[in-house]
Amino acid sequence: DESAGKFAINALSGTFRFATGRAPKDRYLITTPTGTIGVRGTKFDFNVHPEDTRVLLYEGAVILCNPGKDCVTVDDTC
């Protein structure tokens, strides 16, 4: 019926490539040891280490938040 639940990923370490599907963008949540990544219609790579998370944006935007809920929107593509 094309309804969507929550799509949640716990990324502990490594390099990942992510592209959204047809679900509403607020349904995607990526959690890392240093915070969260909120997806806003996008394609991006991200690299997770215990001390930091790095994002390489190809399309759209992502919202990066640290555990204290301080957030920044990344919308500048590479």
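The following dialogue sets values computed from a predicted model against their definitions.

User: What should a reader know about the model before the values are discussed?

Analyst: The model is predicted, and residues are numbered from 1 along each chain as its sequence is written. Local features need pLDDT of at least 70, side-chain atom pairs count only at pLDDT 80 or more, totals for chains, interfaces and linings use all residues, and side-chain values use heavy atoms, with hydrogens and water left out.

User: How many helices and strands does the protein have, and how are they defined?

Analyst: The protein has 0 helices and 6 strands. Both are DSSP runs numbered from the N terminus, a helix being H or I with at least four residues and a strand being E with at least two. The order from the N terminus is therefore written β-β-β-β-β-β.

User: How do you know whether the radius of gyration agrees with that of a compact globule?

Analyst: The radius is taken over C-alpha atoms, and the globule rule is 2.2 Å times the number of residues to the power 0.38. For 78 residues the rule gives a value near 12 Å, and the protein has 12 Å, so the two agree. Along its principal axes the C-alpha trace spans about 40 × 25 × 25 Å.

User: Why is V39 called buried?

Analyst: A residue is buried under 20% relative accessible area, exposed over 50%, and partly exposed in between (1.4 Å probe, protein chains only). V39 has a relative accessible area of 0%, so V39 is buried. V39 is located in strand β4. Contact means heavy atoms within 4.5 Å; apart from residues up to four places away in sequence, V39 touches F18, T20, K25, Y28, I30, F44 and A61.

User: What makes T42 a buried residue?

Analyst: The relative accessible area of T42 is 1%, and T42 therefore counts as buried. T42 also belongs to strand β4. Its contacts, leaving aside neighbours within four places in sequence, include F18, L57 and V62. Over the whole protein, buried residues make up 26% of the 78 residues.

User: Why does G21 count as partly exposed?

Analyst: G21 has 37% relative accessibility, which means that G21 falls in the partly exposed class. G21 is in the loop between β2 and β3 (28–32). The C-alpha atoms of G21 and G41 are 8.4 Å apart, although 20 residues separate them along the chain.

User: What makes the pair D45 and R17 a salt bridge?

Analyst: The term requires a side-chain nitrogen of Lys or Arg within 4 Å of a carboxyl oxygen of Asp or Glu. The side chains of D45 and R17 meet at 2.6 Å, N to O, so the pair satisfies the definition. D45 lies in strand β4 (residues 35–49) and R17 in strand β2 (residues 14–19), so the pair ties together parts that are 28 residues apart in sequence. D45 is buried because its relative accessibility is 13%, while R17 is exposed because its value is 64%.

User: How do you know that D52 and R54 form a salt bridge?

Analyst: Their side chains meet at 3.1 Å, N to O, so this pair also satisfies the definition. D52 is partly exposed because its relative accessibility is 22%, and R54 is exposed because its value is 56%. By this rule the protein has 2 salt bridges.
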